[in-house]
Amino acid sequence: MTLASFFGPGSFFFEVWRAQGVLAAGAGITIGVSALVIVIGTVFGTIAGIGLTYGPWPVRWLIRAYCDIIRGTPVLVLIFFGFYGTALLGLDVGPITAGIAAISAFCIAHSAEILRGALQSIPTTQSDAAKAIGLGFWGRLYYAILPQALRRALPPAINTAVEMVKATTLLSLIGVVDLLLATQQAVSRNQMILEFYGAALLFYVLINMLISRMGARIEQRYAHIRF
């Protein structure tokens, strides 16, 4: 096979070069939205998890209702509601903003439940020991309970992060030109279905493998720490 058969007109690499602009932009949106959703979900999910565990009963009840409703709703329904529902209410929300808000809401609910379970798994003797040396509630939480809980919450949190990356593909259904929609647009021009979707599959696998490896490295780094 000649070099022209790989890079000449009609070849896969030639079509990738032709579509490089939209594919690169789509990949950038996928990575950017995924990162933003994971950060928002982790930060606010941590706050919600603490409130769900230690907050006064009205706070716990509200967070519990939020988590149960959001976790019981498919992500696609949340995305459609965030985009089309807000439009019916007269709010001008763009598809990317609506998508980020919807997936972040889903991530927050899951992160809150993960942290709640981790916090409740810490033996009460840890809190009692911290209290014995004069630490108040926030001191016990910050120095004794939360570090142990975060370490236990890390594996399921990594799984949630991977799921959020995959959930971003649903944004193509409301017109967000992420990697999936960019790939669909390229395929509609060249009909290289197997090649382009295979490349997209490889991209998502690599991103999720990177997240999993980062999580594994963090686990290994703190595995030797004993509380």
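Start by selecting helix 2, residues 12–18, in this predicted model. Glu15 and Arg18 both sit on this helix, three residues apart, which is about one turn. Show their side chains: the two meet in a salt bridge, with an N to O distance of 3.4 Å. Now switch on a surface and look at the two partners again. Which of them is buried, Glu15 or Arg18? Glu15 has 9% relative accessibility, and because anything under 20% counts as buried, Glu15 falls in that class. Arg18, at 54%, is exposed.

Next, go to helix 4, residues 57–71, and pick Arg64 and Asp68. Both belong to this helix and are four residues apart, again about one turn. Their side chains form a salt bridge at 3.1 Å, N to O. With the surface still on, you will find Arg64 partly exposed at 27% relative accessibility, and Asp68 partly exposed as well, at 43%.

Keep Arg64 and Asp68 selected and widen the view. Which residues are linked with them in a network of salt bridges? Add Arg71, Glu113 and Arg116 to your selection: together with Arg64 and Asp68, these residues are linked in a salt-bridge network. As a general point, side chains of opposite charge can pair when their charged atoms come close.

Your next stop is helix 8, which covers residues 137–167. Select Glu163 and Lys166, which lie three residues apart on this helix, about one turn. Their side chains meet in a salt bridge of 3.0 Å, N to O. Glu163 is partly exposed, with 41% relative accessibility, and Lys166 is partly exposed too, with 40%. If you would like to track down the rest on your own, how many salt bridges should you expect in the count? The count comes to six.

Now follow the chain past the end of helix 8 and into the loop that leads to helix 9, residues 179–190. Select Ser172, which lies in this loop. Is Ser172 buried or exposed? Its relative accessibility is 11%, so Ser172 counts as buried. Show the backbone here too, and draw a distance from the Ser172 side chain to the backbone oxygen of Thr169: you should read 2.8 Å.

To finish, display what surrounds Ser172. Leaving aside neighbours within four places in sequence, Ser172 is in contact with Asp178, Leu180 and Leu181.

Conventions. Residues are numbered from 1 along each chain as its sequence is written. This is a predicted model: local features need pLDDT of at least 70, side-chain atom pairs count only at pLDDT 80 or more; totals for chains, interfaces and linings use all residues. Side-chain values use heavy atoms; hydrogens and water are left out. Helices (H or I, at least four residues) and strands (E, at least two) are DSSP runs, numbered from the N terminus. Buried means under 20% relative accessible area, exposed over 50%, partly exposed in between (1.4 Å probe, protein chains only). A polar contact is a pair of N or O atoms within 3.5 Å; within protein, one must be able to donate a hydrogen and the other to accept it, and residues adjacent in sequence count only if both atoms are side-chain atoms. Contact means heavy atoms within 4.5 Å. A salt bridge is a side-chain nitrogen of Lys or Arg within 4 Å of a carboxyl oxygen of Asp or Glu.
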